[in-house]
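This report concerns the pockets, cavities and bound ligands of one molecular structure. The sequence and the model are shown first.

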Amino acid sequence: MSPTPLRLGVAGLGTVGTGVLRIVRQKANLLAARSGRPIEIVAVSARTRDKDRGVPLDPYAWEDDPVRLATRDDVDVFVELMGGSDGPAKAATEAALAAGKDVVTANKAMLAIHGQALAAQAEAEGRVIRFEAAVAGGIPVIKALTEGLAGNEITRVMGVMNGTCNYILTRMESAGLPYEEVFEEANALGYLEADPQLDVGGIDAGHKLSLLASIAFGTQVAFDDVELEGIGDVTIEDIRRAADMGFRIKLLGVAQMTGRGLEQRMAPCLVPAQSPLGQLEGGTNMVVLEGDHVGQIVLRGAGAGEGPTASAVMGDVMDIARGVRLSTFGQPAAELAAAKPAKAAMPAPFYLRMKLLDKPGALAKIATILGQSGISIDRMRQYRHDDTTAPILIVTHTTPRAALDEALTAMEGLDVVAEAPVAIRIESV
Ligand code: NAP
Ligand code: HSE
């Protein structure tokens, strides 16, 4: 008897959806050989039926309504590639689960907001939701966390998870261009999301971090607790000064469980220039996972684009075809703890850039204020200056952010500070 095919309904025929159609067409024999059964697309849906998508759609049934697609009798797996946290993506996902379909999605926004409820629904229906493509595109990081590292207590998850921001930051450095100019370049190249704030505001990367944190720490997805800061205030001057001190600025996500609760941060940070994260160029992503037994592992690869993202979608489809059935976030939804957010980040060294009036005793006043807040200076550099002001860089020893804020407030009243200081966390990687 020939094996039963796994029948897919694909909603969303944009970058990722057409990539999935191509793989299923071009690799039919390979997919069948590896999963033990044919993988077939039976029906598709998108907004506009007559758009030329560069792939033939004749072999598939067409549905205008993704909810109808998701509930068709001949669909086993609903593949959601439309995007958006709510609207048709959520409605069709819920309908698919209710109709007894498994779901594969690349939609980090939907899962970051509704992941807990969808996971609970999937389990109640005896279905699975898989979302490898939602985090770091082609990098199999969900699989690494839920399967390969399942025997570890995860101590920290870190990463550069938004390729557009990494492109902007590395291009600012290599071309010596200001943020605004590189933002326009990225826009012209089509790198930015329809709402650019999702990228440069750190929201997209924050969605991804919250999903990884849930799996890593057995907690409910808590996107609202991610401390978010985008890259819009990163200046070329800070990029250059940081490089002088041996660092690079990255939009870095960090999640760790501390004695004070779950810390989730997505913000510009300094990392050592020679570290794997410091060396990461252009639109590439990198995720660093740390476990108590495995130590540190580093995964690097394309975080976006047709091929890499469709590759991750197909990895999930293949697992379902093979009968692999895992809980959405690595353990049953009802057992995921409500994450208590850490009120303050773990202490760290900080980079401080300031401009002081070039007067006797100016530096002494700064050093005194830092000392009064219990902050010790690790390194300091004064640059050649114009007639009246001197640029100063300070790298502190590890200090709580609250102590630094106290010192920065005290500096506001000083007669020698020409410009408000810039403070950026230095992450030990
Ligand atoms: P896209 O190119 O904008 O494609 C979206 C598709 O969804 C289009 O085909 C669109 O139809 C269809 N669509 C939108 N609203 C619809 C509706 N109401 N009913 C039916 N179809 C609808 O998006 P994408 O880049 O492929 O991204 C898809 C998903 O993958 C998103 O969740 C995204 O965050 C995620 N993702 C993307 C990447 C990437 O590199 N692109 C990487 C990782 C994750 P029309 O074509 O007719 O307009
Ligand atoms: N806008 C995202 C990025 C797409 O730049 O990484 C992939 O999620």
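The account below turns from the largest pocket to the two ligands, and then to the enclosed cavities.

**The largest pocket**

The structure is a predicted model. Its largest pocket holds about 1400 Å³ of space. The lining of this pocket is made up of 49 residues, and those closest to its centre are T15, V16, M82, G83 and E193. Two or more lining residues come from each of helix 1 (15-26), helix 5 (108-125), helix 7, helix 9 (197-200) and helix 10. By class, the lining comprises 18 nonpolar, 21 polar and ten charged residues. Ligand 1 sits in this pocket, and ligand 2 also sits in the largest pocket.

**Ligand 1**

There are 23 residues around ligand 1, and the nearest of them are L13, V16, T48, R53 and G305. V16 also belongs to the residues closest to the centre of the largest pocket. The shell around ligand 1 is divided into ten nonpolar, nine polar and four charged residues.

Three polar contacts of ligand 1 involve the protein backbone. An oxygen atom of the ligand lies 2.7 Å from a backbone N or O atom of G305, a residue that is also listed with the nearest neighbours of ligand 1. For R47, a backbone N or O atom is found 3.0 Å from an oxygen atom of ligand 1. At G14, the distance from a polar backbone atom to an oxygen atom of ligand 1 is 3.1 Å. Considered alone, ligand 1 exposes 890 Å², of which the protein buries 79%.

**Ligand 2**

The surroundings of ligand 2 consist of K108, N162, G163, T164, E193, D199, D204, K208, G303 and A304. In this shell, one residue is nonpolar, four are polar and five are charged. Helix 7 (163-175) and helix 10 (203-217) each contribute at least two residues to the shell, and both helices also give two or more residues to the lining of the largest pocket. E193, one of the residues around ligand 2, is likewise among those closest to the centre of the pocket.

Which side chains make polar contacts with ligand 2, and at what distances? The table sets out contacts with K108, E193 and K208.

| Residue | Protein atom | Ligand 2 atom | Distance |
|---|---|---|---|
| K108 | side-chain N or O | oxygen | 2.6 Å |
| E193 | side-chain N or O | nitrogen | 2.7 Å |
| K208 | polar side-chain atom | oxygen | 2.8 Å |

Taken alone, ligand 2 exposes 250 Å², and the protein buries 86% of that area.

**Enclosed cavities**

How many cavities of 30 Å³ or more does a search of the whole structure find? The search finds three. About 80 Å³ of space lies in the largest cavity. Its lining is formed by I129, R130, F131, E132, I142, K143, T146, D316, L326, S327 and T328. Strand 6 (129-130) and helix 6 (141-148) are the elements that supply two or more of these residues. Helix 6 makes the greatest contribution, with three residues. By class, the lining of the largest cavity contains four nonpolar, three polar and four charged residues.

**Summary**

Both ligands sit in the largest pocket. The contacts described for ligand 1 involve backbone atoms of G14, R47 and G305, whereas those described for ligand 2 involve the side chains of K108, E193 and K208. The protein buries 79% of the area that ligand 1 exposes alone, and for ligand 2 the corresponding value is 86%.

Methods: Residues numbered from 1 in each chain as written. Chains lettered and ligands numbered in written order. Predicted model: local features only at pLDDT ≥ 70, side-chain atom pairs only at ≥ 80, totals over all residues. Heavy atoms only, no water. Near = heavy atom within 4 Å. Polar contact = N/O pair within 3.5 Å; in protein donor to acceptor, adjacent residues only side chain to side chain. Areas by Shrake-Rupley, 256 points an atom, 1.4 Å probe, with all protein chains shown as cover. 1 Å grid on protein atoms, 1.4 Å probe; cavity = no way out; pocket = protein on both sides within 12 Å on 5 of 7 lines; lining within 4 Å. Sits in = over half its atoms within 2 Å of the grid points. Helix = DSSP H or I, 4+ residues; strand = E, 2+ residues; numbered from the N terminus. Nonpolar A, V, L, I, M, F, W, Y, C, P; charged D, E, K, R; others polar. Points joined across faces, edges and corners; volume = space filled by probe spheres on them.
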